[in-house]
Amino acid sequence: MLVLGIETSCDETAAAVVQDGKEILSSVVASSLKFHKEYGGIVPEIASRMQLETIANVVDSALKKGGIKLKDIDLMSVTCKPGLLGSLLVGVSFAQAAGFASKVPLLGIDHLHGHIYAAFLSGRAPALPFIALVVSGGHTSLFYIEDFDRISLLGSTLDDACGEAFDKVAKILGLGYPGGPYIEKAGQKGNPRKYKFACSNTKKPLDFSFSGIKTALWYAAGNKRLGQQDKKDMAASFQETVINTLIEKSLLACRMKKVNRLAVGGGVAANNRLRELFFQRGKASALKVYFPPRELCLDNAAMVAGLGYRLFKKGGRRICFPTNRLFCV
């Protein structure tokens, strides 16, 4: 079964063709990141305008690279939530029009659930049930996955997402945007024990809070003239604290649900130090840890197409529009 996936939840415009939920025939991603850098964050209007201009070419490119014509597609799936409203509307509207014209069924996909499914495109996937951590620029959430259509939210961030905190800390330290790669690079030559940072406690044990550690670093940086080594030490200390928090809560979720399988997805999951520590702690706890390939940690349409296939096989036939209402087609 050939599925065309479309992803436009943030600043990427992506399309992919996936066969039977596991074989990626093509995956094309166009990013507007360079237009956002001067603002130090995503500007929704810029993102949606670029997506409107590029989506037709991106989809066409994905079909051509996969050696597929639109008439050969059996199903279309599109990210419908969560994300930037204007960006979601571009993807959903294009998918609706293409699906109607080609008489291909259309299925709406939750972006976060797509990141979870990315682990199933690596050739080494967790058995059901398992715990999943999605950690990205806009989201930090823990899920319990009983099946592809039975996903329960266990906890999420109460303030900043993890990737958002990386961006803000990188700005404080004058490192650059997006913050994740800059923090990781600086942290490689820093002392992770130089500064004693901590993430805020949460009332619910599986929720996250990253605004406190960001503020603590801001005060620490503001009280001294930072040299290059100071910045590296701060970056390393911040990164180590955040990663250990992610690990502790993920391990707790596994113990609470009595499972020994954990999948980690989302843009922050491309961080090398995060992967290293998750594998170390997982091994020490007799826990199997699964990561997608790095290119599938970032927003892409292959994960959307793959999950669409699984849900369609389970009888999924609805598309969720990027509003607070659900419409069936």
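A polar contact here is a pair of N or O atoms within 3.5 Å; within protein, one must be able to donate a hydrogen and the other to accept it, and residues adjacent in sequence count only if both atoms are side-chain atoms. I will use that term for two side chains, S237 and H36.

Now the ground rules. This is a predicted model, in which local features need pLDDT of at least 70 and side-chain atom pairs count only at pLDDT 80 or more, while totals for chains, interfaces and linings use all residues. Residues are numbered from 1 along each chain as its sequence is written, and side-chain values use heavy atoms, with hydrogens and water left out.

First, the chain overall. The radius of gyration is 20 Å, which agrees with the value near 20 Å for a compact globule of 329 residues; that radius is taken over C-alpha atoms, and the globule rule is 2.2 Å times the number of residues to the power 0.38. Along the principal axes, the C-alpha trace spans about 65 × 45 × 35 Å. Of the 329 residues, 53% are buried, where buried means under 20% relative accessible area, exposed means over 50%, and partly exposed is in between, with a 1.4 Å probe and protein chains only. The accessible surface is about 15,000 Å², and 52% of that surface belongs to carbon and sulfur atoms; areas come from the Shrake-Rupley method with a 1.4 Å probe, and for residues only the protein chains shown count as cover. Taking contacts between residues at least 6 apart in sequence, 71% join residues at least 24 apart, with contact meaning heavy atoms within 4.5 Å.

Next, the secondary structure. The chain has eleven helices and twelve strands; these are DSSP runs numbered from the N terminus, helices being H or I of at least four residues and strands E of at least two.

At the start of the chain, β1 (residues 2-7) pairs with β2 in the antiparallel sense over six bridges, and two strands count as paired if DSSP finds at least two bridges between them. Four residues make the hairpin connection from β1 to β2, and V3 is opposite V18 of β2. On to β3 (residues 23-31): β2 pairs with this strand over eight bridges, again antiparallel, and Q19 faces E23. Strand β2 itself, residues 12-19, has seven of its eight residues buried. In the loop between β2 and β3 sits D20, which has a positive phi of about 55° although it is not a glycine. D20 is partly exposed, at 28% relative accessibility.

H36 belongs to helix α1 (residues 33-36). Its relative accessible area is 0%, so H36 is buried. The side chain of H36 makes a polar contact with the side chain of S32 at 2.9 Å. Beyond four places in sequence, H36 is in contact with residues including D11, I42 and I46.

Now the five-stranded sheet. The sheet is open, ordered β8-β7-β6-β9-β10, with mixed pairing. Its edges are β8 (150-156) and β10 (288-290), each paired on one side only. From one strand to the next, the twist averages 25°. Helix α8, residues 228-257, packs on this sheet and touches β6, β7, β8 and β9; the helix direction makes about 155° with that of β6. Those angles run from 0 to 180 degrees between N-to-C directions, the axes being lines fitted to C-alpha atoms, for helices over the stretch in contact. Strands β7 (residues 140-147) and β8 are antiparallel over six bridges, and F143 has L153 of β8 as its bridge partner.

Which backbone oxygen lies 3.2 Å from a polar atom of the S237 side chain? That of N191. S237 is in helix α8 and is buried, at 0% relative accessibility. Apart from residues up to four places away in sequence, S237 touches N191, P192, R193, K194, Y195 and F197. After the helix, K258 lies in the loop between α8 and β9; phi there is near 60°, positive in a residue other than glycine. K258 counts as exposed, at 76% relative accessibility.

Last, the cis peptide bonds. One joins K81 and P82, with omega about -25°, and P82 is in the loop between β4 and α3. The bond from L128 to P129 is also cis, with omega near -5°, and P129 lies in the loop between α4 and β6.
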